[in-house]
Amino acid sequence: MEKRNSTNHISVGNRSPEPLFALSSKVVSSDKFWRWGEDNMLPYVLSLMSRRSTTHRRIINDKADYIAGKGFSCDEREPLLRALIDQANGDGDSLRTVLFRLAFDKALMGNAFVEVVTDEKHSLLSLYHQDASLCRVARDKQHIILHHDWRSYRSSEARTLPLYPAFERQEDGSLRSIVHYKDYEPMFNHYGVPKYIAGMGVSAIAYKTDKWNIARLENSFKLSGVMMIDATASDEEAEQISRRAQEHFAGNPGAVMFVVRDGKGEDNTRFIPIDSHNDGDWSSLHDQATSDMVIAHSWFRSLSGLDYASGFNSERILHEYEVALNTVILAEQAELLTPIRSIIASTLGVNTSSLEIINRPPTRSKPIYMRVWEARKADGLEYDEKDESQQMFLSEITKYNVTKIN
């Protein structure tokens, strides 16, 4: 710090502002692929943002879980279909696991990829989920390039797969293809855009408010303020005072302002705290950002556990689940499952019309030991105590509660 004899020299001491999601200033470009985002790092930014914002991550997790359902059902007279449901690939992943990862990537990045493996005789079929952040569209728009680290792309380390329905022979003799799912967005031809794109700002706000609270705890709730330093202090003394003030008072969420004054023989070195009562403003800002985030995701508060603090309302959860099922879940399931059904049918030659995703609500409004006619009576519907089909217990029908994907 420069020693000055003039009065009222003001400087502000604090760390430089941290970029919200800074990764690299390098723009990765090549004539081999289309960049995903301006610097080709958009998937990395979206992934980092989901790991920093709690509500944002919870919504993505829940959407993927609901879309993947509780597993699959099929005609038990199709053993090949049942075997694929139980083990979809050589890694031992079930078809439900593959579907969950596809739904997660699509909810997070607006894009998802599944690799298809077979042979010339179509005697086998494997479905592998591929991490969307590692995939890029080739310049010919007919292939997908996979690379382990797009921050340092090397063509010698990448592998290329044709887009389905085309297959290409690989070094191991297998035939492979890849399916690219993407959410439609005008002006974006090569990659999809996540549905919450308009909520990226509020996700950043939620992350920042959480970070602000953590910083207050780390700072032991010490107040920021003004540090008065006597102009007669030596450079070494001023530097030491500045460093101590930064350690004890500065940092997020506040800063220390240093004022060097000529005390004219008097010692003016002291710290003047600045008290700010803005906790309510920060809390309101965080709550508003959370609400906007749910809206941006086209999702529902009760299905992400955001209203549990005000009481567990099973009726509201069931109602919102029904709305989500008919507006979001079934549509996403159909989009993910349609090409998979086509691949299974064309490769293994089996009938996939019985392949269905099992959907169950997160809670039940009626006990499973009730009979069907009792449940219908409780709902004010017509019922017949003597009807054999209404003599079944709810536990018997919910065990096979399947929603068909047309």
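What follows is a walk through a predicted model, starting at one strand and moving out to the aromatic contacts.

Let's begin with strand S3, residues 111–118. Is this strand enclosed or not? Eight of its eight residues are buried, so S3 is largely enclosed by the rest of the structure. If you look at the two faces in turn, you'll see that both are covered. Asn111, Phe113, Glu115 and Val117 are buried on one side, while Ala112, Val114, Val116 and Thr118 are buried on the other. Note that the buried set takes in Asn111 and Glu115 as well as residues such as Phe113 and Val117.

Now for the neighbours of S3 within the sheet. On one flank there's strand S9, residues 175–182, which runs antiparallel to S3 and is joined to it by eight bridges. To find your place in that pairing, start from Thr118, whose bridge partner in S9 is Leu175. Strand S4, residues 126–130, also pairs with S3 in the antiparallel sense, this time over five bridges. Two positions help you line up S3 and S4: Phe113 stands opposite Gln130, and Val117 has Ser126 as its bridge partner.

Put those pairings together and you get an open sheet of four strands, in the order S4-S3-S9-S8, with antiparallel pairing. The edges belong to S4 and to strand S8 (168–169), each of which pairs on one side only. Helix H8, residues 314–348, packs on this sheet and touches S3, S4 and S9. The direction of H8 makes about 160° with that of S9. Helix H4, residues 95–109, lies across S3, S4 and S9 too, and runs at about 150° to S3.

On to the cysteines. How many disulfides turn up in the whole structure? A search finds zero. Two of the cysteines are still worth a glance for their surroundings. Cys74 has a relative accessible area of 11%, so with the cut-off for buried at under 20%, Cys74 falls on the buried side. Cys135 is buried as well, with relative accessibility at 0%.

The aromatic residues give you another route through the fold, with 10 aromatic pairs in the whole structure. Take Phe33 and Trp150, an edge-to-face pair with 4.7 Å centre to centre and 75° between the planes. Phe33 sits in the loop between strand S1 (9–13) and helix H1 (42–52), whereas Trp150 sits in the loop between strand S6 (143–146) and strand S7 (159–162), so the contact ties together parts that are 117 residues apart in sequence. Both Phe33 and Trp150 are buried.

Tyr66 and Trp299 make another pair: their ring centres are 5.8 Å apart and their planes lie at 50°, so this one counts as tilted. Here, too, distant parts of the chain are linked, with Tyr66 in helix H2 (residues 54–68) and Trp299 in the loop between helix H7 (279–296) and H8, 233 residues apart. Tyr66 counts as buried at 15% relative accessibility, and Trp299 is buried with a relative accessible area of 6%. Widen the view a little and you'll find Tyr66 and Trp299 in one aromatic cluster with Phe300 and Tyr321.

One last stop is a contact between a charge and a ring. Which ring does the charged end of Arg139 sit over? The ring belongs to Trp34, and the charged end lies 4.0 Å from its centre.

Key
Residues are numbered from 1 along each chain as its sequence is written. This is a predicted model: local features need pLDDT of at least 70, side-chain atom pairs count only at pLDDT 80 or more; totals for chains, interfaces and linings use all residues. Side-chain values use heavy atoms; hydrogens and water are left out. Buried means under 20% relative accessible area, exposed over 50%, partly exposed in between (1.4 Å probe, protein chains only). Two strands pair if DSSP finds at least two bridges between them. Contact means heavy atoms within 4.5 Å. Axes are lines fitted to C-alpha atoms, for helices over the stretch in contact, and angles run from 0 to 180 degrees between N-to-C directions. A disulfide is a pair of cysteine sulfur atoms within 2.5 Å. Rings of Phe, Tyr and Trp (its six-membered ring) pair if their centres lie within 6.5 Å; planes under 30 degrees apart count as stacked, over 60 as edge-to-face and the rest as tilted. A charge sits over a ring if NZ of Lys or CZ of Arg is within 6 Å of the ring centre and within 35 degrees of the ring normal.
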